[in-house]
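Trainee: I keep running into labels in structure descriptions and I'd like to know where they come from. Could we go through some together?
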Amino acid sequence: MKSHNQSTVLNMIRLSEPISRAEIAKLTNLTPPTVSSLVSELIEKNLITEEQSTNSKAGGRKPIMLRINYSAHYILGVYAAAEVVRVILTTMDGKIVSDYNNDITELPSKTEFINMIIDNIHYILNKTSIEKDLILGIGFAMHGLVDPDQGLAIFSPHLHLENIPIKVSLENEFNIPVIVENDVRALAIAESWFGQGQGDSDFICLSVGRGIGSGIFINNDIYKSTFNTAGEIGHTILDINGPKCQCGNNGCLEAYASESAILSKVKKELITNQDTLLHNWVRDGSDELSIKMVFKAAKQGDPFAKSILEDAGKSLGLAAANMINILKPSKLILEGSLFEEGDFVKSPLIEMIGKYTFKSSHEEILVVCSKLGKTGMVLGAVTLILRKMFKTTD
Ligand SMILES: [Zn+2]
């Protein structure tokens, strides 16, 4: 109860700073003595600071105002993608103090994977010489299926690993609390705290890269389901007779619109479609086919490249429309390199949502692109710790 009240006060300061003790009491319905004692503890922990207000009520004393002391503590964020591990150290407002990337060049064993993360964290700690006591927690955004309760990576399709004990291993090594979450859900949490989802109680974050996933934010919280596997939009079926998906089924969204699906489609169609810029570029052998290259051709007006991207956008839009019909979020946030260069994918996606969403005239579902860029997932890892600190529910 006490720590709950402390989080309530901390969160009230975060949302309304600068704010006085009296205002906190009024807004939280806690008694002034309770607020006073909680504030003293927070000052003791160096989590908040006092400052003299510049405004005073007519003739009255200038109240002492409180602010979060964002730069006094740190958070470690780890994002383990299929091919790279990124570790950042930030202050409490998400400002990056140190940033380290490590490519995964060969498939690691479970122990090698854990040791790589441990080494990366040690590297950052040594480089910055920050005292471990000042680190509030380690947030971990992991691709694949994750059990946040046990802090376990249940299954990583890209690394071919199962049941990686992330939380236990890192807590044993560093003696700092660890929270593990699926990467796309972490991204959605980052969007709610720092990004396009700020102030929205309901939104869906659609992430498209090597795979396709979604983070569902409902009633101001991330939706996980009992099984912790909610949001697998990449494996919703568009056509049971469609192309084979990694999961074993046919016609999943991921088999149409993930970056790898797009590239394999281009490769296949280049055999019969030779009057495209891509055919010449690939034939030159100067570059290996990439998503960047498809966008470059589309920007130069290449009809083949444009239609490939348009098809991907339509598939994404159809799957998104189905999801929107069920959940009716007020916003859809798009994340991934497919949305960073022009509207080749975004426009057909929005068109499909407009066409296939069942809604009344007053409903407007905003479709926006994430602005967090490549930092979204790892910032999401950091936000896992922030949300716990400032938690006001439960
Ligand atoms: Zn699938």
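Mentor: Sure. Helices and strands here are DSSP runs, at least four residues for a helix and at least two for a strand, numbered from the N terminus. With that, P18 sits in the loop between α1 (2-16) and β1 (19-20). Keep in mind that this is a predicted model.

Trainee: What makes the peptide bond from E17 to P18 cis?

Mentor: Look at omega: the bond from E17 to P18 has a value near -5°, and it is cis. Most peptide bonds are trans.

Trainee: Okay, and what is the phi of N29?

Mentor: Phi of N29 is near 65°, which is positive, and N29 isn't a glycine. Most residues other than glycine have a negative phi. You'll find N29 in the loop between α2 (21-28) and α3 (32-44). N228 also has a positive phi, about 65°, and isn't a glycine either. N228 belongs to the loop between β14 (221-222) and α7 (254-257).

Trainee: How do you know whether N29 counts as buried or exposed?

Mentor: Exposed means over 50% relative accessible area, and buried means under 20%. N29 has 71%, so it counts as exposed. N228 has 8%, so it counts as buried.

Trainee: Why is α2 called oblique to α3?

Mentor: The two axes come within 9 Å and cross at roughly 120°. Roughly perpendicular covers 65 to 115 degrees and roughly antiparallel starts over 145, so an angle of roughly 120° makes α2 oblique to α3. The crossing of α2 and α3 is right-handed.

Trainee: Which residues make that contact?

Mentor: From α2 there are R21, I24, A25 and T28, and from α3 there are P32, V35, S36, V39 and I43. They divide into six nonpolar, two polar and one charged.

Trainee: How many aromatic pairs does a search of the whole structure find?

Mentor: Four. One of them is Y100 with Y123, at 4.3 Å centre to centre and 35° between the planes.

Trainee: Why is the pair of Y100 and Y123 called tilted?

Mentor: Planes under 30 degrees apart would be stacked and over 60 edge-to-face, so 35° lands in the tilted range. Y100 lies in strand β6 and Y123 in helix α4, so the pair ties together parts that are 23 residues apart in sequence.

Trainee: And what makes Y100 partly exposed?

Mentor: Its 26% falls between the 20% and 50% cut-offs, so Y100 counts as partly exposed. Y123, at 38%, is partly exposed as well.

How values were computed: Residues are numbered from 1 along each chain as its sequence is written. This is a predicted model: local features need pLDDT of at least 70, side-chain atom pairs count only at pLDDT 80 or more; totals for chains, interfaces and linings use all residues. Side-chain values use heavy atoms; hydrogens and water are left out. Buried means under 20% relative accessible area, exposed over 50%, partly exposed in between (1.4 Å probe, protein chains only). Axes are lines fitted to C-alpha atoms, for helices over the stretch in contact, and angles run from 0 to 180 degrees between N-to-C directions. Angles under 35 degrees count as roughly parallel, over 145 as roughly antiparallel, 65 to 115 as roughly perpendicular and the rest as oblique. A crossing is left-handed if the near helix is turned anticlockwise from the far one by less than a right angle, and right-handed if clockwise. Contact means heavy atoms within 4.5 Å. Ala, Val, Leu, Ile, Met, Phe, Trp, Tyr, Cys and Pro count as nonpolar, Asp, Glu, Lys and Arg as charged, and the others, Gly among them, as polar. Rings of Phe, Tyr and Trp (its six-membered ring) pair if their centres lie within 6.5 Å; planes under 30 degrees apart count as stacked, over 60 as edge-to-face and the rest as tilted.
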